[in-house]
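Hi,

Here's the structure I promised to pass on. Have a look at it first, and then read my notes below with the model open beside you.

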Amino acid sequence: MLNLLKRFSKDRSVYPRVLTNDDGQFPTQASHHASIIAIALRPGAASLFVTEEFQNHKVAREIQKRMERAGWNVSVANDTAANIQNRYSNKAGEASSTVRSISSYTAIFDQQLKSAIEERAVELRYHVRDTTCGVVHNIDGRVYRALSIDGVQGRDICSNAYTSLADRKSLEAGKNTFSAEQDQSCVIMREIDGAKYKLRYQSLPEADGGFDVTMRILPQGQRGDIPSLEKLDFTPSAIRIFKKAMRRRNGAIYMSGPVGGGKTSALYAALYRPENQRKDYILTFEDPPEYAQYGITRVPVEKIGYANAVKRALRMGAHIVMIGEIRDHEMGSVAKVLSETGQKVVTTVHVNNANQIVGRLCGEEIGLPRQTMCDMDMIAGLFYTSLLPRLCDCKLHATRENLGPRLSSELARLGVPLEGVRVPNVAGCGKCKEGRRGRLPVVEMIEPDETYLRFMRDGKDGDAKDYWLSKCTTPVTSEDVTGKPKMATALYRVAIGDLHVEDLEEGIDLLETYNHRQHPAPHEASRRHQLEVAEAA
Ligand SMILES: [Zn+2]
C-alpha cells in the first residue's frame, strides 16, 4: 500500500473518507492516483470516482469488483483528474475537503437519498451546523438519526442540491442561488434505481448561522394502485361516514390534517371506486399532482391557473373535482363556486382538527362568507386525518411495569383495559424499525347537520364543537368514531394494540389533557326521562 493513502483517517466511524487497504483489498497504485479514488460515504456505501478515460478500464472494474466483494455498495461517478488528485492530496482527518466537485456532491447526495428510500423514509433532513451535520430520516412519522457528517460537507451537499439539482422553474423569484441565511424552497427530481422521485426541498436558517433542510420524498409515476380506504386502514365506522358524505349529491368534503398526514391519499382512496370509472367524470386540480390514476384526469393548474380551472371544470361537465389544498382566497372561491353549481368538491385544508375547518375557510386568509358556506348543500363532510406509527406484529403485552405508573393510571382513568394494549419490541424483528412498521390513520369525522351548521353560521364555533361531541355515545374502546375527537379514536387504536400509547402522546397530546365524555344515546336518554317521570308520579 502506498504511503500517500496512509495519511487518510483510519477511524472507521468518519464519513466520508478515502477507502484504503484496511477497508478491503483495493489494488490502487500510484499510477492510478490521477484517475481513480474510492470514497466511503456511510457504512456499506461507497463512491468510486474515475476519469472518463478510465471508466471502462479493467483496473477500475477490478477495484469495483473487489469493493463489492468486501461488502460495499458501490456507485461509480465520473470526475476530472484534477479533482481526483486534489482529493488524494488533502490532509488526513479533513474529511469534508476530500470531496470537492459538483458531480461528487450529487453522487453523495444520491447515495444518501437512496439509503433514505431503502429505509422507507418519507423525509430526508439535514441539520447543518458549524462543524457537524446530522442526517435524519423520518420513517413512519418517527425521526431516526441516519448518520453524522462533517458540517462543511453537509453545507456543500445542500448547497449543491439547491443550486445544481433544483428544477429552475420551482425557484422563487430572487432566490436563484443557495443561501444559508434565507428560507428557500424548490423541487428536485431524482431517479434512484430506475424509480423517479420528486423531492420538496425546504430550508430554514438557524440562529447560530447553521440551517436545516427538509426534503419530502414523493415517489412518482406509480400508476394504478391507489389503495382503498380499507387498505389505508380506516376503521369501518369512519369508512361508512366517509362514503356517505361522498354519496351525497351536494356538499363538499373538506379533509384537514398535518402535512404528510395522508389527507390526499385518503381523498384519492374515497374518490377512486371501480364504479366511478363509468359513473363519474373526475378532475383533479393539484399543484403538483401527487398520483397518476386511470379514470382520473389531472389538470395542470400551474399552467392554466385556478380561475380558469373553474370554467374548464364546468365546461367539461366534471362530476367530481378534487382541489389539492385550499390555501388562499382564489382556491377557496374555486371550491365555493363549484359547490354552488353542483359539482362535488373534495379538498384539503391545513388545520389541526375537523372543528377548525369552517373557521379557517371563513377566516382572514381564505375569506369565504359564513352565511353561504354553512349550508348542507355546501358542506357534506368535515374530516381530519393524521398518521401515527403502527406497532409491528412483534409487539409485546403491556404491563404496569413496562408502561410505567403514569401511563397505566391514565389508561385506567380513560377506561382502556390493559389486556388489549401492546408496547413495541424495541429490539425489532428485522421487518420493523424499533418495533414500528407502517402507519395508521387517526381521524375525526364530522357529518355536519343543520344544528351544527347553524352554530357555525352564527360564529359559535365552540357551541358547534360541543354539539358534535354530544353525539358520542360510546366508550373509547368502541370502534364507533361518531362525536369523537382524534384523542378518542387514537385511544381505540391503543386499546386494540395497534398503537403505542407513547406514540399517541407524541403525535396528539398527553393523556392528562383529555376527558372522555360519553353521552347516553338519544333513545336511552328519553327512556330514562320517562322512567324518572313515572317514578316522580
Ligand atoms: Zn417487528
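Which way do helix 16 and helix 17 run relative to each other? They are roughly antiparallel. You can get there from the angle: the axes of helix 16 (residues 450–457) and helix 17 (residues 461–469) cross at roughly 160°, and anything over 145 counts as roughly antiparallel. Keep in mind that this is a predicted model. The two axes also come within 7 Å, and that's handy to know, because two packed helices are described by the angle between their axes and the distance between the axes.

The crossing of helix 16 and helix 17 is left-handed. On the helix 16 side, the contact is made by Thr451, Tyr452, Phe455 and Met456. Helix 17 brings in Asp461, Asp463, Ala464, Tyr467 and Trp468. Sort the residues in this contact of helix 16 with helix 17 by class and you get six nonpolar, one polar and two charged.

Next, the sheets. One is an open sheet of seven strands, in the order 13-12-14-15-11-16-19, and its pairing is mixed. Strand 13 (296–300) and strand 19 (436–446) are at the edges with a single partner strand each, so one side of each has no neighbour in the sheet. Going from one strand to the next, the twist averages 20°.

Inside that order, try finding strand 11 (residues 252–256) and strand 15 (residues 344–349): they run parallel and are joined by four bridges. If you want a residue pair to click on, Tyr254 has Thr347 in strand 15 as its bridge partner.

There's a helix to spot here too. Helix 7 (residues 263–271) lies across strand 11, strand 12 (282–286), strand 14 (320–323), strand 15, strand 16 (379–391) and strand 19. Against strand 15, helix 7 runs at about 165°.

Then there's an open sheet of six strands, ordered 7-6-5-10-9-8, with antiparallel pairing. Its edge strands are strand 7 (142–150) and strand 8 (185–192), and each of them pairs on one side only. On average, neighbouring strands of this sheet are turned by 25° against each other, ignoring direction.

For a close look at this sheet, go to strand 6 (residues 132–139) and strand 7, which pair in the antiparallel sense over eight bridges. There you'll see Asn138 standing opposite Val143 in strand 7.

Shout if you get lost anywhere!

Cheers

How values were computed: Residues are numbered from 1 along each chain as its sequence is written. This is a predicted model: local features need pLDDT of at least 70, side-chain atom pairs count only at pLDDT 80 or more; totals for chains, interfaces and linings use all residues. Axes are lines fitted to C-alpha atoms, for helices over the stretch in contact, and angles run from 0 to 180 degrees between N-to-C directions. Helices (H or I, at least four residues) and strands (E, at least two) are DSSP runs, numbered from the N terminus. Angles under 35 degrees count as roughly parallel, over 145 as roughly antiparallel, 65 to 115 as roughly perpendicular and the rest as oblique. A crossing is left-handed if the near helix is turned anticlockwise from the far one by less than a right angle, and right-handed if clockwise. Two residues are in contact if their C-beta atoms, placed from the backbone, lie within 7 Å. Ala, Val, Leu, Ile, Met, Phe, Trp, Tyr, Cys and Pro count as nonpolar, Asp, Glu, Lys and Arg as charged, and the others, Gly among them, as polar. Two strands pair if DSSP finds at least two bridges between them.
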